[in-house]
Amino acid sequence: MKTFLLIAGVVLGLGRMAYTEEFAVIVNATNAIEAGSIRDVFLGEKKFQGDIKLIPMHSSDEKVKGAFLATFVKMSAKDYKAYMVKKVFQDGIMAPVAKSSPKEIVDFVAEEEGAVGYVPKAYATGPRIKIVATFADQP
């Protein structure tokens, strides 16, 4: 019985470790922003792409947000929050908003030329959506 439990635990643990979900950073199809600008957009350093005002959006899922921040912004969620509080008060910028669902992010990006967000890759479809980068979220 102990052997069975040990094997079951290893199999379940390996299955969980192997699971990753791929996410896409998306912009409106008319937006010329490139992957190399993502960090600056979410840090409030890049506010315009040509004459288009950029609108960064976060996922309300803290785990996904953490993976995004680690991959593109190179900060932990805690460090990012502290940075943005300082940026809001010093520079008067608006902090990125969090949307509650991938559909809400996709719909907003499809309608707003300057919107930049991230969603599970399966949601990143449609004629008015363009993927500029991808990242994985591991459990």
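User: Which kind of contact joins the side chains of His58 and Tyr118, and at what distance?

Analyst: Happy to start there. The two side chains are joined by a polar contact of 2.8 Å. To read such a contact, look for a pair of N or O atoms within 3.5 Å. Keep in mind that this is a predicted model. His58 has a second partner too: its side chain makes a polar contact of 3.1 Å with the side chain of Tyr80.

User: Where does His58 sit, and is it buried or exposed?

Analyst: His58 belongs to strand 4. Its relative accessibility is 2%, so it counts as buried, the cut-off for that word being under 20%. Leaving aside residues up to four places away in sequence, His58 touches a list of residues that includes Phe42, Lys65, Phe68, Leu69, Pro96 and Ile105, along with Tyr80 and Tyr118.

User: Which residues of helix 3 are buried?

Analyst: Helix 3 covers residues 62–73, and its buried residues are Val64, Lys65, Ala67, Phe68, Leu69, Phe72 and Val73. Three of the names should look familiar, as Lys65, Phe68 and Leu69 are among the residues that His58 touches.

User: What do those buried residues pack against?

Analyst: They pack against strand 1, helix 2, strand 4, helix 4, strand 6 and strand 7.

User: How should I read the two ends of helix 3?

Analyst: Take one end at a time. At the N-terminal end, Asp61 acts as the cap, with a side-chain oxygen 2.9 Å from the backbone nitrogen of Lys63. After the helix comes Lys74, whose phi is positive, near 65°. Lys74 has this positive phi although it is not a glycine. Lys74 is found in the loop between helix 3 and helix 4, and it is exposed, with a relative accessible area of 60%.

User: How far from Asp61 is Ser100 in space?

Analyst: Their C-alpha atoms are separated by 7.8 Å, with their positions 39 residues apart along the chain. Ser100 is in the loop between strand 5 and helix 5. It is exposed, at a relative accessible area of 58%, and its side chain makes a polar contact of 2.7 Å with the side chain of Glu104.

User: Let's look at another loop residue. Is Asn31 buried or exposed?

Analyst: Asn31 counts as buried because its relative accessibility is 1%. It lies in the loop between strand 1 and helix 2. A polar atom of its side chain is 3.1 Å from the backbone oxygen of Glu113. Beyond residues up to four places away in sequence, Asn31 touches Gln49, Leu54, Glu113, Gly114, Ala115 and Lys130.

User: Which strand holds Ile131, and which residues does it touch?

Analyst: Ile131 lies in strand 7. Not counting residues up to four places away in sequence, it touches Ala24, Val25, Ile26, Lys121 and Ala124. Ile131 is partly exposed, with a relative accessible area of 36%. Its C-alpha is 8.5 Å from that of Ala29, although the two are 102 residues apart in sequence.

User: Which residues lie nearest the centre of the largest pocket?

Analyst: Lys53, Leu54, Ile55, Pro56 and Met94 lie nearest its centre, out of 15 lining residues. The pocket has a volume of about 280 Å³. Helix 2 and strand 4 each supply at least two residues of the lining. By residue class, the lining divides into 11 nonpolar, one polar and three charged.

User: How many helices and strands should I look for in the whole chain?

Analyst: There are five helices and seven strands. In sequence order the pattern reads α-β-α-β-β-β-α-α-β-α-β-β. Of the 139 residues, 37% count as buried. For contacts with a separation of 6 or more, 72% come from residues 24 or more positions apart.

User: Where is the confidence lowest, and where is it highest?

Analyst: Helix 1 (residues 2–18) is lowest, at a mean pLDDT of 47, and helix 2 is highest, at 97. Over residues 4–17 the pLDDT is below 50, and this stretch has one contact in the model beyond near neighbours in sequence. The chain averages 87, and 85% of the residues score at least 70.

Notes
Residues are numbered from 1 along each chain as its sequence is written. This is a predicted model: local features need pLDDT of at least 70, side-chain atom pairs count only at pLDDT 80 or more; totals for chains, interfaces and linings use all residues. Side-chain values use heavy atoms; hydrogens and water are left out. Helices (H or I, at least four residues) and strands (E, at least two) are DSSP runs, numbered from the N terminus. Buried means under 20% relative accessible area, exposed over 50%, partly exposed in between (1.4 Å probe, protein chains only). A polar contact is a pair of N or O atoms within 3.5 Å; within protein, one must be able to donate a hydrogen and the other to accept it, and residues adjacent in sequence count only if both atoms are side-chain atoms. Contact means heavy atoms within 4.5 Å. pLDDT is the predictor's confidence in each residue, from 0 to 100. On a 1 Å grid over the protein atoms alone, a cavity is a set of points where a 1.4 Å probe fits but cannot get out, and a pocket is an open set with protein on both sides within 12 Å along at least five of seven lines; lining residues have an atom within 4 Å of a point. Grid points are joined across faces, edges and corners, and a volume is the space filled by probe spheres set on the points. Ala, Val, Leu, Ile, Met, Phe, Trp, Tyr, Cys and Pro count as nonpolar, Asp, Glu, Lys and Arg as charged, and the others, Gly among them, as polar.
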